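Student: Before we discuss the fold, could you show me the sequence together with the structure?

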Amino acid sequence: MATPNSLLSSHGSEAINIVIVGGGVAGLATAIALHRIGLKSLVLESSDSLRTTGAAFTIWANGWKALDALGVADTLRPNYCQLQGIRGYSRSSDVQKDVQFIKEHTGGRGMNTSVECRCIERQALLETLAKALPDGSIRFNSKLVSIRKKAGGSSPFTTSLELADGTSITAKIVIGCDGVHSAVAEWMGLEAAKPLARVAMRGMAKCPQHYHATEKRSMVQIWGEGVRAGIIPCTDKQLYWFITRKSQPQDADVSRDTESLRRAMLEAVRDFPEPIGELLKSSSADTLSMAYLKWRWLWPWEWDRMAKGKGSVTVVGDALHPMTPDMGQGACSALEDAVVLARCLSVSNIINLNLEEDRGIWGEEEERMIEECFQQYWAARKWRVLSVVAVAFVAGLVLDGSSSFMRFVRDWIWLPFFSMSHLPYFASSYDCGTLPLPLPLPAQYADKLPFPSTSSSESSHAHNL
């Protein structure tokens, strides 16, 4: 069924200006960012509803700046506590380190400096993002199976998408937000994400009554021999916890059964102090998960080569930069991507560019302009992404302490010199910026839009290409 911002082409396929593949954090954030600069899009989600099952996301200051730019931050902030710091403890050496996110200055004006950090339930973040989109922006049960550039025809630069249900969609712009195993990234020529022989286990639990008040506002990490556990408060009543360890042959079977997964989690931290075990036992089954950790590393010259692009197709979030969770920057980086990409598109004036064209035509000039926008997006994200991916990889390698050498590095070099300060540093050292207001569409061009707008009430706020 055609959506309000689509038409059926002469070949029977549905024609849509902008298609976003994937309805996770990256896809929904990208759709909001485009909507806020005046561009409608359709989000294709493979599941039958928002994928809200799971645990939580740590949203650092840089992620909150992106949520501010998207206009949804203040909906979420009041519901989740500001974390005051992180406390780390090594079981192998008894080394303990604390880092404060909020610092009080007694001199001068007595002002405080802080790094905003809150832990948000996955369901709350996805539902908040989805509610910020116009009705009809998300299409469920739409799994992408193939993608190709059309050859010949009246619009040779458009992209053809084939879905699992047999539906065919022709799009002018395609943005892949389809995660670590991205079909769009594969089509663009990006290498598959590589496994790291590590797994992450996650869950949510109610805060124990005996949990100390200060601990309710601080992250806690405990480092062992080849395993690490963490507890992060979401609210005064709810905690998010995680475990990372080496992957084992039986993990493939364990992940299919909730109780087997719970037993594997308890086994991994059997020597850890409470309340780790207590939290695992009390966690709701629908919040438990285990994922094999993967990453993709691009050297700067490889990044530049990929940045040359595939016409009007690009990727955002984990599809672009799958990384380990050791910096808590996965969701934050995806939010940053969305804002930067939309801003790159906004300066191109693509809305007015296509108004002179025949109805539905997408020519070489438009394709070249979008490709240049995407190149600017890749260039703007290059060093930020590469640094976060690299530091996350190294941090995971060191902090898990899988060998005696790595435990020595962790306890006597990393912690004394870095003391986990890399976490607030990467959170506070980057600002994705804001989004410009959409330009009003000239009235004389109203009847020349390539595809009809969703509603007349949005005529000056959400135009098609």
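Student: Over residues 7-11, how many contacts beyond four places in sequence does the model have?

Tutor: This is a predicted model, in which local features need pLDDT of at least 70 and side-chain atom pairs count only at pLDDT 80 or more, while totals for chains, interfaces and linings use all residues. Residues are numbered from 1 along each chain as its sequence is written, and side-chain values use heavy atoms, with hydrogens and water left out. Over residues 7-11 pLDDT (the predictor's confidence in each residue, from 0 to 100) stays under 50. Counting a contact as heavy atoms within 4.5 Å, the number beyond four places in sequence for this stretch is 11.

Student: In which strand is confidence highest?

Tutor: Strands are DSSP runs of E of at least two residues, and helices are runs of H or I of at least four, both numbered from the N terminus. The mean pLDDT of the protein is 84, and confidence is lowest in strand S1 (residues 6-8), at a mean of 49. The highest value, 98, belongs to strand S3 (residues 42-44).

Student: Which strands stand at the edges of the open sheet?

Tutor: Two strands pair if DSSP finds at least two bridges between them, and 7 strands form the open sheet, with mixed pairing, in the order S6-S5-S15-S16-S17-S14-S18. Each edge strand has a single partner strand, so one side of each is left without a neighbour in the sheet; these are S6 (96-100) and S18 (289-295).

Student: Which residue in S6 does Arg87 stand opposite?

Tutor: Strand S5 (residues 85-90) pairs with S6 in the antiparallel sense over 5 bridges. Opposite Arg87 in S6 stands Asp98.
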